[in-house]
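Biologist: Got a minute to go through this one with me? I'd like to start with the strands.

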Amino acid sequence: MIDLNGKVAIVTGSARGLGKGIALKLAELNAHVVVSDLNEEGTSSTAQEINDSGKSAEPFVANVAESASAKRLVEETVQKHGKLDIVVNNAGINKDSMLHKMEESAWQQVIDVNLTGVYNVMQPASIQMREQQAGRIINISSASWLGNVGQANYSAAKAGVVGLTKTASRELGKKNVTVNAICPGFIETDMTRAVPENVWDLMVSKISMGRAGKPEDVANCIAFLSSDQAEYITGEVINVGGGMVL
Ligand code: CAA
């Protein structure tokens, strides 16, 4: 049984969807979770739901795309709790469009949140984790990092997250900090529910297990990577996609 008692975890983008599933799982395993999102109402309600269940969480409204905001998230968490054990970089958006129709703003916004946002949190987190000589960073990439029709911006950002993860794992390994990426396949959330019906069917047809995943499927993998049992796993890119091949 995984027990994260005494651990302090930040989960970005955890007001709803996949991030909320991750926050609930880490809290269920007794971590104190800093529920962070741009969405103030969702941030408070996820934290409230955790506290109401007898577990421990606090809301923190932050915009990971702004470096000052991300820095505040990390530094205030460390100030308050004296350490930072786990960071899950989950915050992400999509603005799907075929490349020939893609507006520059759709490109830039997705890169700002999904790639620069991960850097903005990891940079101050890495300073703290180097100092404390311990830590777990888990970045949410995507099966799309290998290419997906309509997602030039999203795939590029998620591929960038893989490179960032691998480099950070090399730099931080000797400091006892592990850095891994998870590539969810097609997970049932508001984001995937928004695709056209024919695309939904097409995506599910590419999944060996014949169904979309659930946030808990990804959260279980994150729980393992956060645990003592995963202390020797770093620099890995792990697919959680029911055997999906895009
Ligand atoms: N594979 C192959 N071909 C595809 C395709 C796919 N997944 N999706 C669309 N196409 C084809 C269409 O069949 C069409 O072909 P023709 O021109 O020969 O008819 C062509 O691409 C253009 O498609 P549309 O007519 O749909 O073009 P559009 O401009 O109206 O819309 C789109 C394009 C916005 C990209 C729309 O197709 C769409 O939303 N696709 C879904 C993109 C997607 O997979 N998003 C994943 C969201 S989930 C997520 O992001 C989480 C994660 O981590 C995976």
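Modeller: Sure. I138 stands opposite N180 in β6. Keep in mind that this is a predicted model.

Biologist: Which strands pair there, and over how many bridges?

Modeller: Strand β5, residues 135–140, pairs with strand β6, residues 177–184. The sense is parallel, and there are six bridges.

Biologist: And what is the strand order in the sheet?

Modeller: The order is β3-β2-β1-β4-β5-β6-β7, seven strands in an open sheet with parallel pairing. At the edges are β3 (56–61) and β7 (237–240), each of which pairs on one side only.

Biologist: How many degrees of twist from one strand to the next?

Modeller: The average is 20 degrees.

Biologist: Which strands does α4 touch?

Modeller: α4 packs on the sheet against β1 (8–12), β4 (86–89), β5 and β6. Its direction makes about 170 degrees with that of β4. Helix α5, residues 152–172, also packs on the sheet, touching β5, β6 and β7. The direction of α5 makes about 160 degrees with that of β6.

Biologist: On to helix pairs. At what angle do α3 and α4 pack?

Modeller: About 30 degrees, with the axes 8 Å apart; α3 covers residues 67–81 and α4 covers 104–132. Angles under 35 degrees count as roughly parallel, so α3 is roughly parallel to α4. The crossing of α3 past α4 is right-handed.

Biologist: Which residues make the contact?

Modeller: From α3 they are S67, A70, K71, V74 and V78, and from α4 they are N120, V121, P124, A125 and Q128. Six of the residues in the contact of α3 with α4 are nonpolar, three polar and one charged.

Biologist: What about α1 and α8, what angle there?

Modeller: Helix α1 (residues 17–28) and helix α8 (residues 215–226) pack at about 45 degrees, again with axes 8 Å apart. That angle makes α1 oblique to α8. α1 passes α8 in a right-handed crossing.

Biologist: Which residues are in that contact?

Modeller: α1 contributes G17, L18, G21, I22, K25 and L26. α8 contributes P215, V218, A219, N220, I222, A223 and S226. The residues of the contact of α1 with α8 divide into eight nonpolar, four polar and one charged.

Biologist: Different topic. How many aromatic pairs?

Modeller: The count comes to one aromatic pair. The ring centres of F186 and W200 are 5.0 Å apart and the planes are at 65 degrees, so the pair is edge-to-face.

Biologist: Where do F186 and W200 lie?

Modeller: F186 is in the loop between β6 and α6 (190–193), and W200 is in helix α7, residues 197–205. The pair therefore ties together parts that are 14 residues apart in sequence.

Conventions: Residues are numbered from 1 along each chain as its sequence is written. This is a predicted model: local features need pLDDT of at least 70, side-chain atom pairs count only at pLDDT 80 or more; totals for chains, interfaces and linings use all residues. Side-chain values use heavy atoms; hydrogens and water are left out. Axes are lines fitted to C-alpha atoms, for helices over the stretch in contact, and angles run from 0 to 180 degrees between N-to-C directions. Helices (H or I, at least four residues) and strands (E, at least two) are DSSP runs, numbered from the N terminus. Angles under 35 degrees count as roughly parallel, over 145 as roughly antiparallel, 65 to 115 as roughly perpendicular and the rest as oblique. A crossing is left-handed if the near helix is turned anticlockwise from the far one by less than a right angle, and right-handed if clockwise. Contact means heavy atoms within 4.5 Å. Ala, Val, Leu, Ile, Met, Phe, Trp, Tyr, Cys and Pro count as nonpolar, Asp, Glu, Lys and Arg as charged, and the others, Gly among them, as polar. Two strands pair if DSSP finds at least two bridges between them. Rings of Phe, Tyr and Trp (its six-membered ring) pair if their centres lie within 6.5 Å; planes under 30 degrees apart count as stacked, over 60 as edge-to-face and the rest as tilted.
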